Amino acid sequence: QAQVQESGGGSVQAGGSLRLSCAASGYAYSSHCMGWFRQASGKEREGIAAIYTAGGRAEYADSVKGRFSISQDNAKNTVYLQMISLKPEDTAMYYCAAGPGEYGCRSFPLRKETYITWGQGTQVTVSV
C-alpha cells in the first residue's frame, strides 16, 4: 500500500527556516511525481513544489520561488522541502503527495489531480 508521511513542521519567526521531510513507501518511488502542497485556514489547497524522482527540473509556485527548494534522497525514498525566509503568509498545513506517471508530473506538476497518495500533513506556523 502506497504511503507518504510528512515530518518537520513547527513554529518559527518570520525570516526563519524549516525543512520538511516526506518519507515514501509501498510503491515504485524511483519513477513518481512527488509534490508539496499547502492549505491555509479557509483557503484552497495549493501546489507549491514538485519533482519527478526519475529526473527532471523542479517546479515551484510563484509564491515560494526563490525561497523554497525541493530535493530528494532516492536511497531513503525521501523528498525534502527546504524553506527559508519564511513569512507569516506561509502559515499552513503542508502536505506531501505522490503520483504515478511522468506525463502528469511534467505537464501539471502543481495540480492536485496529478497525485493519488497523500500524507496527513504537518503544520507550519510563522509568526511576526
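Analyst: Before we start, a term: buried means under 20% relative accessible area, exposed means over 50%, and partly exposed is anything in between. Keep in mind that what we're looking at is a predicted model.

User: Okay, in what order do the four strands of the open sheet come?

Analyst: The sheet is open, with four strands in it. The pairing is antiparallel, and reading across gives the order β1-β3-β8-β7.

User: Which strands are the edge strands there?

Analyst: An edge strand here pairs on one side only. That fits residues 3-7 and residues 68-73, which are β1 and β7.

User: By how many degrees are neighbouring strands of this sheet turned against each other?

Analyst: Take the average over neighbouring strands of the sheet and ignore their direction. The turn then comes out at 20°.

User: Let's walk across it. Which residue of β3 is the bridge partner of Ser7?

Analyst: β1 is joined to β3, residues 18-25, by five bridges, and the two run antiparallel. Within that pairing, the β3 partner of Ser7 is Ser21.

User: And which residue in β8 stands opposite Arg19?

Analyst: Next to look at is the pairing of β3 with β8, antiparallel again and built on six bridges. The β8 residue facing Arg19 is Gln82.

User: Last pair, then: which residue in β8 stands opposite Gln72?

Analyst: β7 and β8 pair in the antiparallel sense over six bridges, with β8 covering residues 78-83. Across from Gln72 in β8 you'll find Val79.

User: On to the cysteines. How many disulfides does the count come to?

Analyst: A disulfide is a covalent bond between the sulfur atoms of two cysteines. Here a pair qualifies if the sulfur atoms lie within 2.5 Å. Cys22 and Cys96 pass at 1.9 Å, and Cys33 and Cys105 pass at 2.1 Å. The count comes to two.

User: How far apart in sequence are the parts that the Cys22 and Cys96 pair ties together?

Analyst: These two cysteines are joined as a disulfide. Cys22 sits in strand β3, while Cys96 sits in strand β9, residues 92-100. The bond therefore ties together parts separated in sequence by 74 residues.

User: Is that Cys22 and Cys96 disulfide left-handed or right-handed?

Analyst: Look at the torsion about the S-S bond of Cys22 and Cys96, which is about -70°. That value makes the disulfide left-handed.

User: Is Cys96 buried or exposed?

Analyst: Buried means under 20% relative accessible area. Its partner Cys22 is at 0% and is buried. Cys96 has 1% relative accessibility, so Cys96 counts as buried.

User: What about Cys33 and Cys105: is that disulfide left-handed or right-handed?

Analyst: The torsion about the S-S bond of Cys33 and Cys105 is about 70°, so the handedness is right-handed. This pair also links distant parts of the chain, 72 residues apart: Cys33 in strand β4, residues 32-39, and Cys105 in helix α1, residues 102-107. Both of these cysteines are buried. Back to what you asked: the disulfide is right-handed.

User: What pattern do the disulfides follow?

Analyst: Count the bonded cysteines along the chain. Cys22 goes with Cys96, and Cys33 goes with Cys105. The pattern is 1-3, 2-4.

User: Now the charges. How many salt bridges does a search of the whole structure find?

Analyst: Side chains of opposite charge can pair when their charged atoms come close. One of the salt bridges joins Arg57 and Glu59 at 3.2 Å, N to O. The search of the whole structure finds six.

User: Is Arg57 buried or exposed?

Analyst: The cut-off for exposed is over 50% relative accessible area. Glu59, at 27%, is partly exposed. Arg57 has 69% relative accessibility and therefore counts as exposed.

User: How many helical turns, roughly, separate Glu102 and Arg106?

Analyst: These two form a salt bridge, with the closest N and O atoms 2.6 Å apart. Glu102 is partly exposed at 37%, and Arg106 is partly exposed at 45%. They are four residues apart in helix α1, so the separation is about one helical turn.

User: Which residues do salt bridges that share partners join into one network?

Analyst: One salt bridge to start from is Arg38 with Glu46, at 2.7 Å from N to O. Arg38 is buried at 6%, whereas Glu46 is partly exposed at 31%. Through shared partners, the network takes in Arg38, Glu46, Arg67 and Asp90.

Definitions and conventions. Residues are numbered from 1 along each chain as its sequence is written. This is a predicted model: local features need pLDDT of at least 70, side-chain atom pairs count only at pLDDT 80 or more; totals for chains, interfaces and linings use all residues. Side-chain values use heavy atoms; hydrogens and water are left out. Two strands pair if DSSP finds at least two bridges between them. Axes are lines fitted to C-alpha atoms, for helices over the stretch in contact, and angles run from 0 to 180 degrees between N-to-C directions. Buried means under 20% relative accessible area, exposed over 50%, partly exposed in between (1.4 Å probe, protein chains only). A salt bridge is a side-chain nitrogen of Lys or Arg within 4 Å of a carboxyl oxygen of Asp or Glu.
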